[in-house]
Amino acid sequence: MRPELIIFDCDGVLVDSESVASAVIAQNLTDLGWKMDAKAAMGVFLGMSIIDMQPMIERHLGRALPSGWRQALAETLRVALSQAVRPIDG
């Protein structure tokens with residue numbers, strides 16, 4: 001039987017997007033009042049979607065995130081990843 005879809009997950013194999021994403025997320029959360037560095041962001045949010053992150057962030061901040069926060073963060077991530085992702089050696 002021929003597959004209908006093949007998904008290639010190259011993160012951590014061909015490119016490292018997590019370090020870029022963690023830096024962006026850390027800066028975003030620090031700007032919102034949750035002081036965080038990239039290492040902490042990676043430890044807390046690694047593998048999570050923005051949708052899953054939102055309630056955790058709101059609980060920590062004790063308030064709702066601004067309207068459009070998810071879309072704005074997604075766009076910031078898209079731009080950062082397009083500019084800063086580098087191949088993994090080997």
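Contact here means heavy atoms within 4.5 Å. The exercises below use this term on a predicted model.

**Exercise 1. Describe the overall make-up of the chain.**

Step 1. Count the elements: the chain has four helices and zero strands. Along the sequence they give the pattern α-α-α-α.

Step 2. Take the extent: the C-alpha trace spans about 50 × 35 × 20 Å along its principal axes.

Step 3. Look at burial and contacts. Of the 90 residues in the chain, 27% are buried. Among contacts with a separation of 6 or more, 54% join residues 24 or more positions apart.

**Exercise 2. Place A21 in the structure and decide whether A21 is buried or exposed.**

Step 1. Find the element: A21 lies in helix α1, which covers residues 18-32.

Step 2. Apply the cut-off. Buried means under 20% relative accessible area. A21 has 14% relative accessibility, so A21 counts as buried.

Step 3. List the partners. With residues up to four places away in sequence not counted, A21 touches L77 and L81.

Step 4. Check a distance: the C-alpha atoms of A21 and A64 are separated by 22 Å, and these residues are 43 residues apart along the chain.

**Exercise 3. Work out how α1 packs on α2.**

Step 1. Take the geometry. Helix α2 spans residues 38-45, and α1 and α2 pack at an angle of about 105° with their axes 8 Å apart.

Step 2. Classify the angle. Angles of 65 to 115 degrees count as roughly perpendicular, and therefore α1 is roughly perpendicular to α2.

Step 3. Name the residues that meet. From α1 come E18, S19, S22, A23, I25, A26 and L29, while α2 brings A38, A41, M42 and F45. Sorted by class, this contact has eight nonpolar, two polar and one charged residues.

Step 4. Examine both ends of α2. At the N-terminal end, D37 acts as a cap, with a side-chain oxygen 3.3 Å from the backbone nitrogen of K39. Just after α2, G47 takes a positive phi of about 85°.

**Exercise 4. Identify which residues of the largest nonpolar core touch the most other members.**

Step 1. Take the core, which has 20 residues; I25, L29, F45, I57 and L73 touch the most other members.

Step 2. Trace the sources. At least two residues of this core come from each of α1, α2, α3 and α4 (69-84). The largest share is that of α1, with seven residues.

Step 3. Follow one member. Apart from its neighbours within four places in sequence, L73 is in contact with V24, I25, N28, I50 and M53.

**Exercise 5. Describe the surroundings of Q54.**

Step 1. Find the element: Q54 sits in helix α3, residues 50-61.

Step 2. Judge the burial: Q54 counts as buried because its relative accessibility is 15%.

Step 3. List the partners. Neighbours within four places in sequence aside, Q54 is in contact with L65, W69 and R70. With R70 there is a polar contact between side chains, at 3.2 Å.

**Exercise 6. Find how far S17 is from V85 in sequence and in space.**

Step 1. Locate S17: this residue is in the segment before α1.

Step 2. Compare the two separations. S17 and V85 are 68 residues apart in sequence, and their C-alpha atoms are 5.7 Å apart in space.

Step 3. Add the burial: with a relative accessibility of 19%, S17 counts as buried.

Definitions and conventions:
Residues numbered from 1 in each chain as written. Predicted model: local features only at pLDDT ≥ 70, side-chain atom pairs only at ≥ 80, totals over all residues. Heavy atoms only, no water. Buried < 20%, exposed > 50% of the residue type's maximum accessible area, 1.4 Å probe, protein only. Polar contact = N/O pair within 3.5 Å; in protein donor to acceptor, adjacent residues only side chain to side chain. Axes fitted to C-alpha atoms, helices over the stretch in contact; angles between N-to-C directions. Parallel < 35°, antiparallel > 145°, perpendicular 65-115°, else oblique. Nonpolar A, V, L, I, M, F, W, Y, C, P; charged D, E, K, R; others polar. Core = buried A, V, L, I, M, F, W, Y, C linked by side-chain atoms within 4.5 Å.
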